[in-house]
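The following exchange is intended for a reader who is meeting this structure for the first time.

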Amino acid sequence: MRLATFGDDRIGVVHGDAVHDVSALVDDGGSGSRMRRLIEAWPTLDSTAVSAAADRSSPARLADIELQPPVPDPTKIIAAPVNYADHQSEMNVDAHVSALGFFLKAPSSLLRPGGTIQLPYDDRRFDQEGELACIIGRRARSLTPAEALDHVFGYTGLMDITMRGGEDRSTRKSFETFTPLGPWIVTADEFGAPGEVDLECWVGGEQRQKANTRNLIWDVAQLVSYASSVTTLHPGDVIATGTPAGVGPLAAGDTVVLNLSGLGGRLEVDVRADAAVPSPTTGKDRGPVPPPAR
Ligand code: MN
């Protein structure tokens, strides 16, 4: 099942180019977004009830609604640094995920599908990183890798937009608009094996990334297990699995497109730099050296 958030905290089932509003499955007035409450309630919902609710609702066309990040308010966004060997080599770094653990991105950096990345500085390099993300389904703590995938609700696309330099990762990746997410969640039962996903990312019509998640250094089960050993995972939490080789600089006017097999739709955003100013921090010539622009 494909589940989207759209408009003013509405949730819907996506069929082809139609969206069926199923917001009524979740009571008004709870805390957190409807999608988070739907994910929490999911084990108590009969899938036929969800389908019936979708059948009862008259469909809107995807083109006529405004998709939002499928989980607009996760309690946290966990992300894997350096989780593909080819990206480790293009960044000229000697450590990968097994030495680094994870980092956090601010949930306020989420951007809706079709939204606009705003580059904040005019004297720094910003890169695209296309990634597979998993959405946590159930509260989880200290999971073994064997238990981990049972706690994943579904999968979606994520762009981990990144300022290069020596500042802390949590700073460089947390600017407003730096985490496009979507276009929707595909539930785990429908998405297929998370270790066999084709990933492609284009910038300005040029294909920059083409990979398969079988080449992840830590696979989804290992990432979820490790994350749950550090922190309690909550329904709707987002875990980004890392980016393969092919990162490169973004410029105002670019369009960035991410496609994952199993998603059934692309995540696409624009890039602008409407209010860019000089960077107030001095990390520009520090940190890992990214690949040259092609
Ligand atoms: Mn990344």
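The questions below concern a predicted model, beginning with strand pairing and ending with cavities.

Q: In which sense do strand 2 and strand 3 pair, parallel or antiparallel?
A: Strand 2 covers residues 10-15 and strand 3 covers residues 18-21. These strands form a hairpin with 2 residues between them, and Gly16 in the turn has a positive phi of about 60 degrees. Over 4 bridges, the sense of their pairing is antiparallel.

Q: Which residue in strand 3 is the bridge partner of Val13?
A: Strand 2, residues 10-15, pairs with strand 3, residues 18-21. Within strand 3, the partner that bridges to Val13 is His20.

Q: Which residue in strand 4 does Val19 stand opposite?
A: Strand 3 also pairs with strand 4, residues 60-61, in the antiparallel sense over 2 bridges. Opposite Val19 in strand 4 stands Ala60.

Q: What is the volume of the largest cavity?
A: The structure holds 2 cavities of 30 Å³ or more. The lining of the largest cavity has 7 nonpolar, 4 polar and 7 charged residues. For the largest cavity, the volume is about 170 Å³.

Q: Which element gives the largest share of the lining of the second largest cavity?
A: The second largest cavity holds about 30 Å³ of space, and its lining includes Ile78, Phe102 and Tyr226. Two elements give two or more residues to this lining, namely strand 6 (77-79) and helix 8 (220-230). The largest share, 3 residues, comes from helix 8.

Q: How many charged residues are in the lining of the second largest cavity?
A: By class, this lining has 9 nonpolar residues and 1 polar residue. The number of charged residues in the lining is none.

Definitions and conventions. Residues numbered from 1 in each chain as written. Predicted model: local features only at pLDDT ≥ 70, side-chain atom pairs only at ≥ 80, totals over all residues. Heavy atoms only, no water. Pairing = 2+ DSSP bridges. 1 Å grid on protein atoms, 1.4 Å probe; cavity = no way out; pocket = protein on both sides within 12 Å on 5 of 7 lines; lining within 4 Å. Points joined across faces, edges and corners; volume = space filled by probe spheres on them. Nonpolar A, V, L, I, M, F, W, Y, C, P; charged D, E, K, R; others polar.
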